[in-house]
Amino acid sequence: MTEIIISILILLGGFLSLLGAIGIVRFPDVYGRLHAATKSATLGVISIMLAVFLYFQFIEGVFSGKVLLTIVFVFLTAPVAGFMIARSAYNVGVELSDKSVQDDLKKAINKKGKKARS
Amino acid sequence: MAFQILLNIGLAIIWMLLRQDFSPVEFLIGYVVGLVLLYVLRRFLQFDFYFRRVIAIVKLIFLFLWELILANIDVIKIVLSPKLDIKPGIIAVPTKLKTDWEVTLLASLISLTPGTLSMNFSDDGKTIFVHSIDVPDKEAMIKQIHNSFEKAIMEVTQ
């Protein structure tokens, strides 16, 4: 029973990582690609780690705290990395793809610029 | 809050001493007994019963996991659809949260759910700029963030 759950988790993790890779190729701009790279891959890594933890706990009988810590740190670092990359990309001036329908940040920055100039 | 946890751990240690048994299980039983005592005596303490916050944190974690799964399914649909029919955009999401700590938590949670990625803050920290992979309806999205994550975070911090 536990083996079935572990196999499902590992397959799910592999599938999500694959989707992340496909997403990187298919999305039109930097920001879309970041979505694919940071998110699906994060959940993929986490489900594989969960499977590793369950394997060691129930089949080898070892409590492995390191693996749990890995999950915590992936959760902590992924959003920060995504945030920093997106922000610096925008500040450097990478264009949004032409499919985009909305850009509130540009409006806010323009408004601020006008205030500073006047 | 810190004082109450200390009190609770102290009660658990007294329980272990009384039982002459220093196993983790006994500590857990002592902790639960202490928790019940604190709950019963909460009116005589000058502060709130701290476990209410712990429950709120657990609620937040479960809400987050649920959102994570739902949003992942959405993104899988988008990635695997033969025609990439998306409307990405950047949305300004106003927030009522006050301290830096809360806003950071909200931004991280937004980033971790697929489909949305927090990109920048306004200078006063009252607005988060969120890049979303698909914006069919701007107002609905802002409302959804307000009703799910922001509400849960407010429950934890107040």
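## A walk through chains A and B

Start with helix H1 of chain B, residues 2–19: its 18 residues should span 26 Å at 1.5 Å a residue, and the end C-alpha atoms are indeed 26 Å apart, so the two agree. Step just past the end of H1(B) and click B:Gln20, which has a positive phi near 55 degrees. Keep in mind as you go that this is a predicted model.

**Chain B from end to end**

Now select the whole of chain B. You should find 5 helices and 3 strands, and reading along the sequence gives the pattern α-α-α-β-α-β-β-α. Chain B has 158 residues, and 27% of them count as buried. If you take the contacts in chain B between residues at least 6 apart in sequence, 61% join residues at least 24 apart.

**The strands of chain B**

Select E1(B), E2(B) and E3(B) next. Which strand pairs with E1(B), and in what sense? E3(B) does, in the antiparallel sense, over 6 bridges. For one spot along that pairing, pick B:Val93, which stands opposite B:Ile128 in E3(B). E2(B) also runs antiparallel to E3(B), joined by 5 bridges. Here, try B:Asn120, which sits opposite B:Phe129 of E3(B).

Follow the hairpin from E2(B) round to E3(B): 5 residues lie between the strands, and B:Gly125 takes a positive phi near 70 degrees.

Stay on E3(B) a moment longer. Of its 6 residues, 5 are buried, so this strand is largely enclosed by the rest of the structure. Click B:Val130 and show what surrounds it. Leaving out residues up to four places away in sequence, B:Val130 touches B:Ile91, B:Val93, B:Ile110, B:Thr116, B:Leu117, B:Ser118 and B:Met119.

**Into the cores**

B:Val130 is also a good way into the largest nonpolar core, which has 27 residues. Colour the residues with the most contacts inside this core: A:Ala86, B:Leu106, B:Ile110, B:Met119, B:Ile128, B:Val130 and B:Phe149. Elements that each supply at least two residues include H2 and H3 of chain A, along with E1 (89–94), H4 (100–112), E2 (116–121), E3 (127–132) and H5 (138–157) of chain B. Which element gives the largest share of this core? That is H4(B), with 6 residues.

Apart from this core lies another, of 17 residues; to find it, select A:Leu16, A:Phe27, B:Ile78 and B:Val79, which are among its members.

**Over to chain A**

Switch to chain A, which has 4 helices and 1 strand. From the N terminus on, they run α-α-α-β-α. Of the 118 residues in chain A, 29% are buried. Among contacts in chain A with a separation of 6 or more, 63% come from residues 24 or more positions apart.

Select H1(A) first. Its 25 residues should span 36 Å at 1.5 Å a residue, which agrees with the 36 Å between its end C-alpha atoms. The buried residues of H1(A) are A:Leu9, A:Gly13, A:Leu16, A:Leu19, A:Gly20 and A:Gly23. What do they pack against? Show H2 of chain A together with helix H3 (51–80) of chain B, and you have the answer.

While you are in helix H1 of chain A, click A:Ser7. Is A:Ser7 buried or exposed? With 12 C-beta neighbours inside 10 Å, A:Ser7 counts as exposed. Then draw a distance from A:Ser7 to A:Ala51: these two are 44 residues apart along the chain, but their C-alpha atoms are separated by 7.6 Å.

On to H2(A). For its 31 residues, 1.5 Å a residue gives an expected 45 Å, and the end C-alpha atoms are 43 Å apart, which agrees. After H2(A) comes A:Gly61, with a positive phi near 75 degrees.

Now try a selection from a record: an unreviewed UniProt entry places "transmembrane region" at residues 6–28, 40–59 and 65–86 of chain A. Residues 6–28 of chain A are 91% helix and 0% strand, with end C-alpha atoms 35 Å apart. Residues 65–86 of chain A are 100% helix and 0% strand, and there the end C-alpha atoms lie 32 Å apart.

**Last stop: where the chains meet**

Show both chains together. Here 30 residues of chain A are in contact with 29 residues of chain B. On the chain A side, the elements giving two or more residues are H1 (2–26), H2 (30–60), H3 (65–92), E1 (102–103) and H4 (104–117). Colour that side by residue type and you get 16 nonpolar, 8 polar and 6 charged.

Definitions and conventions:
Residues numbered from 1 in each chain as written. Chains lettered and ligands numbered in written order. Predicted model: local features only at pLDDT ≥ 70, side-chain atom pairs only at ≥ 80, totals over all residues. Contact = placed C-beta atoms within 7 Å. Nonpolar A, V, L, I, M, F, W, Y, C, P; charged D, E, K, R; others polar. Core = buried A, V, L, I, M, F, W, Y, C linked by C-beta atoms within 7 Å. Buried ≥ 20, exposed ≤ 12 C-beta atoms within 10 Å, placed from the backbone. UniProt positions renumbered as here; feature names shortened; annotations may be inferred. Expected span 1.5 Å × (residues − 1). Pairing = 2+ DSSP bridges.
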